[in-house]
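Thanks for making time, everyone. I would like to walk you through one structure, beginning with its overall division and ending at its ligand.

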Amino acid sequence: GSTIGILGGGQLGRMLAVAAAQLGYKVHIYAPDATSVAAEVTAHHSQAAWDDEPRLAAFAAACDVVTYEFENVPVDTLRFLSGHVAVRPGVAGLKIAQDRLEEKTFVAGLGGRPAPFAAVPDRAALDAALEQVGAPAILKTVRMGYDGKGQARLRTSADADAAWETIGRHPAVLEGFVTFAHEFSVILVRGIDGEVRFWDSPANVHEGGILATSSLPPPQIIFDQQDEARALMAKIADELDYVGVLTGEFFATEEGPVFNEMAPRVHNSGHWTIEGAIVSQFENHIRAVAGLPLGSTATAALPVVMHNLIGGGIETVPDLLADPACHLHHYGKAEVREGRKLGHATWVGASPKGSVLDCSSVEV
Ligand code: ATP
Ligand code: MG
Ligand code: MG
């Protein structure tokens, strides 16, 4: 059979590997980490550095197509692999998504509307940026941020020094604080022939910068703004000649959808599609990169609630298993750490009300 290579060894890779196996593929994980929850469900695993060219070449030779689940795979790694094997999605989307400044500039150039922003290459530039953007604002490192890490909020310009220290004095971008009604995401899959399909946009609630829940149906304002956000994401995907799942995060505001950021990969806010859609983001990503026909993205039943199990939240597993309507996903990570995503729970056509999880932020 054919082999799909996946760069990165986390839970996204694990869920992609399960979907690939279901479609009859072998999966080869390539990741530098000593432990990989994705490699645990596959037979083939290269534990090697991103710049280990002999190991990369051997990996490429073993695969029919290579994809990635980690947005910080070095661009040079992808370029090297592209010389040996088909890599989907390609380098373009990854490169842009690794750099918040490049990403916002690119999206604004396509008619998208990010929050007001200014480049902060050094401490002096932060004062100028505050003049331009105003306060309150959020300072974010240009590179490597996730789950709200590498960010600091500024209530007034008096917080500038503290914010600069908090983010470790790295090159950054200052963003105006957006007053939003709700957050949502657009999750799309683009096939090898350019066909684009969208899943329904869930309402996403973040706690401390980390996604806590995604739910459907979303509040009306998200329905109303979904089409404009979809049009932008389709334009981005076409411009990048993107193949696979692409996600855009948005703020629903009184002035319309504001683009927050994009992820060139399957996304946490799409985990509900495993049970809640006809074909999941993971299966459709594999279908797309393997050149197969895309499956339906339609929602299977409402309501849908996906709740992340973060850090100590994993201790609710026995209670969740006692709820016959709950689909449990345990990532099998060896180490429990505060703020770490360790699993998720999904309800489809059923309510999590009365569950041990605090679902009070979910309005379904
Ligand atoms: P991810 O894990 O989604 O990649 P990240 O570290 O890249 O997270 P962001 O998406 O930039 O972080 O921000 C995390 C959350 O912080 C957002 O989902 C939103 O709740 C809040 N946030 C970020 N930027 C802004 C902003 N400009 N205005 C208001 N809230 C914001
Ligand atoms: Mg991000
Ligand atoms: Mg985000």
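The domain assignment divides the protein into domain 1 (3–87), domain 2 (116–176) and domain 3 (182–348), with bounds that come from an automatic or database domain assignment. Please keep in mind that this is a predicted model, in which local features need pLDDT of at least 70 and side-chain atom pairs count only at pLDDT 80 or more, while totals for chains, interfaces and linings use all residues. Residues are numbered from 1 along each chain as its sequence is written, and chains are lettered from A and ligands numbered from 1 in the order in which they are written.

Let me take domain 1 and domain 3, whose centres, taken over C-alpha atoms, are separated by 22 Å. Their contact involves 18 residues from domain 1 and 17 residues from domain 3, where two residues are in contact if their C-beta atoms, placed from the backbone, lie within 7 Å. On the side of domain 1 that touches domain 3, the elements giving two or more residues are helix H1 (11–22) and strand S4 (65–68), and H1 provides the largest share, 8 residues. Helices (H or I, at least four residues) and strands (E, at least two) are DSSP runs, numbered from the N terminus.

Turning to a sheet, we find an open one of 4 strands in the order S6-S9-S7-S8, with antiparallel pairing, and two strands count as paired if DSSP finds at least two bridges between them. Strand S6 (117–120) and strand S8 (151–154) stand at the edges, each with a single partner strand, and therefore one side of each has no neighbour in the sheet. S7 and S8, which run antiparallel, are joined by 4 bridges, and Ala137 has Leu154 in S8 as its bridge partner.

What, then, surrounds ligand 1? There are 17 residues around ligand 1, and among these Gly145, Tyr146, Glu175, Val178 and His206 come nearest; a residue is near a molecule or strand if its C-beta atom, placed from the backbone, lies within 6 Å of it. Strand S7 (137–141) and strand S15 (256–263) are the elements that give two or more residues to this shell. By class, the shell holds 5 nonpolar, 5 polar and 7 charged residues, counting Ala, Val, Leu, Ile, Met, Phe, Trp, Tyr, Cys and Pro as nonpolar, Asp, Glu, Lys and Arg as charged, and the others, Gly among them, as polar. Because domain 2 (116–176) and domain 3 (182–348) both give residues to the shell, ligand 1 lies between them.
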